[in-house]
Amino acid sequence: MNCRLLKIVSPLLGIVRSKGYKAPGGIRYPGGIVYYPRYPDHKDPEYTPSKLFRVERIKASKGYPYWQKNLLKELNILERCGTKVAIVKNIPENNTRLWKIKHLIKVTPIVFPFGEPTKEDINYTVLKENGQCIVTKKLEPKQEQIEAFEHFNKDVKKMDSETIKKDSRYKWNNAFTGGF
């Protein structure tokens, strides 16, 4: 009876793939990623990867295992840490960490449309939600604005704040006596 069963099962064993099977023709990338293109003459477009990622927590970590919470804690975006956004370098070690918690985070590559900031520009940088890091080199008012402000402050007809407060209080208290 066992021989009959083996004759039936043995052809089926050849169809089932073993755990270590690797399909031929895949393109192996660093980090253990294998890409199987749809067409054999497929070529990847030229692309320069960003140096930094903006990582935002989009889901609470409650109900998830401790190792995922530890990864969020290392990135300093756990609920108790107070922040929801972190800046992470684009290196294979960080990418494997982010891959493990990809269902809890949103990763946006950071681009520098006006050039990368230097040490002097750190105070003048703004990181937007879409990943743009804007660097405004100098923040100076125009000369016409300075002159207009000085002319406004020196104006004789301008009412000071005490007079405006008194007049507003008087109009509030005597609203029906024709103050308006």
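This report walks through the fold, the largest pocket, a nonpolar surface patch and the salt bridges of one protein chain.

**Overall layout**

Keep in mind that we're looking at a predicted model. The protein chain has five helices and seven strands. Going along the sequence, those elements come in the order α-β-β-β-α-β-α-β-β-β-α-α. As for burial, 15% of the 180 residues of the protein chain count as buried.

**The largest pocket**

The largest pocket has a volume of about 760 Å³. Two elements give two or more residues to its lining, namely α3 (92-100) and β5 (105-109). Helix α3 gives the most, with five residues. In total, 20 residues line the largest pocket, and P30, I33, F53, N90 and N95 are the ones nearest its centre. What about the chemistry of that lining? By class, the lining has 13 nonpolar residues, plus five polar and two charged ones.

**The nonpolar patch**

Now for the surface. I27, Y29, I33 and Y35 make a nonpolar patch of about 330 Å² there. Strands β1 (27-29) and β2 (33-35) each supply at least two of the patch residues. Y29 is the β1 residue to pick out here. With a relative accessibility of 30%, Y29 counts as partly exposed, because that value falls between the 20% limit for buried and the 50% limit for exposed. I33 turns up twice in this story: this residue is part of the nonpolar patch, and I33 is also among the residues nearest the centre of the largest pocket.

**Salt bridges**

Side chains of opposite charge can pair when their charged atoms come close. How many salt bridges does a search of the whole structure find? The search comes up with five. Three of them are set out here.

| Salt bridge | Closest N and O atoms |
|---|---|
| E116 and K51 | 3.3 Å |
| E56 and R54 | 3.2 Å |
| E74 and R97 | 3.8 Å |

Start with E116 and K51, which pair up with their closest N and O atoms 3.3 Å apart. This pair links distant parts of the chain: E116 sits in the loop between β5 and β6 (125-127), K51 sits in the loop between β2 and β3 (52-57), and they are 65 residues apart. On the accessibility side, E116 is partly exposed, with a relative accessible area of 44%, while K51 is exposed at 55%.

The E74 and R97 salt bridge has its closest N and O atoms 3.8 Å apart. Here too the pair links distant parts of the chain, with E74 in helix α2 (residues 66-74), R97 in helix α3, and their positions 23 residues apart. E74 is exposed, with a relative accessible area of 55%, whereas R97 is partly exposed at 35%.

Then there's E56 with R54, whose side chains meet at 3.2 Å, N to O. Is R54 buried or exposed? R54 is buried, since its relative accessible area is 7% and the cut-off for buried is under 20%.

**One more contact between loop and chain**

The loop between β5 and β6 holds E116, and V111 lies in that loop as well. V111 counts as partly exposed, at 42% relative accessibility. Its C-alpha atom is separated by 6.7 Å from that of S50, and the two residues are 61 residues apart along the chain.

Technical notes
Residues are numbered from 1 along each chain as its sequence is written. This is a predicted model: local features need pLDDT of at least 70, side-chain atom pairs count only at pLDDT 80 or more; totals for chains, interfaces and linings use all residues. Side-chain values use heavy atoms; hydrogens and water are left out. Patches are made of residues with over 30% relative accessible area and no salt bridge: like charges are joined within 9 Å, nonpolar side chains (Val, Leu, Ile, Met, Phe, Trp, Tyr) within 5 Å. Accessible areas come from the Shrake-Rupley method with a 1.4 Å probe; for residues, only the protein chains shown count as cover. A salt bridge is a side-chain nitrogen of Lys or Arg within 4 Å of a carboxyl oxygen of Asp or Glu. Helices (H or I, at least four residues) and strands (E, at least two) are DSSP runs, numbered from the N terminus. Buried means under 20% relative accessible area, exposed over 50%, partly exposed in between (1.4 Å probe, protein chains only). On a 1 Å grid over the protein atoms alone, a cavity is a set of points where a 1.4 Å probe fits but cannot get out, and a pocket is an open set with protein on both sides within 12 Å along at least five of seven lines; lining residues have an atom within 4 Å of a point. Grid points are joined across faces, edges and corners, and a volume is the space filled by probe spheres set on the points. Ala, Val, Leu, Ile, Met, Phe, Trp, Tyr, Cys and Pro count as nonpolar, Asp, Glu, Lys and Arg as charged, and the others, Gly among them, as polar.
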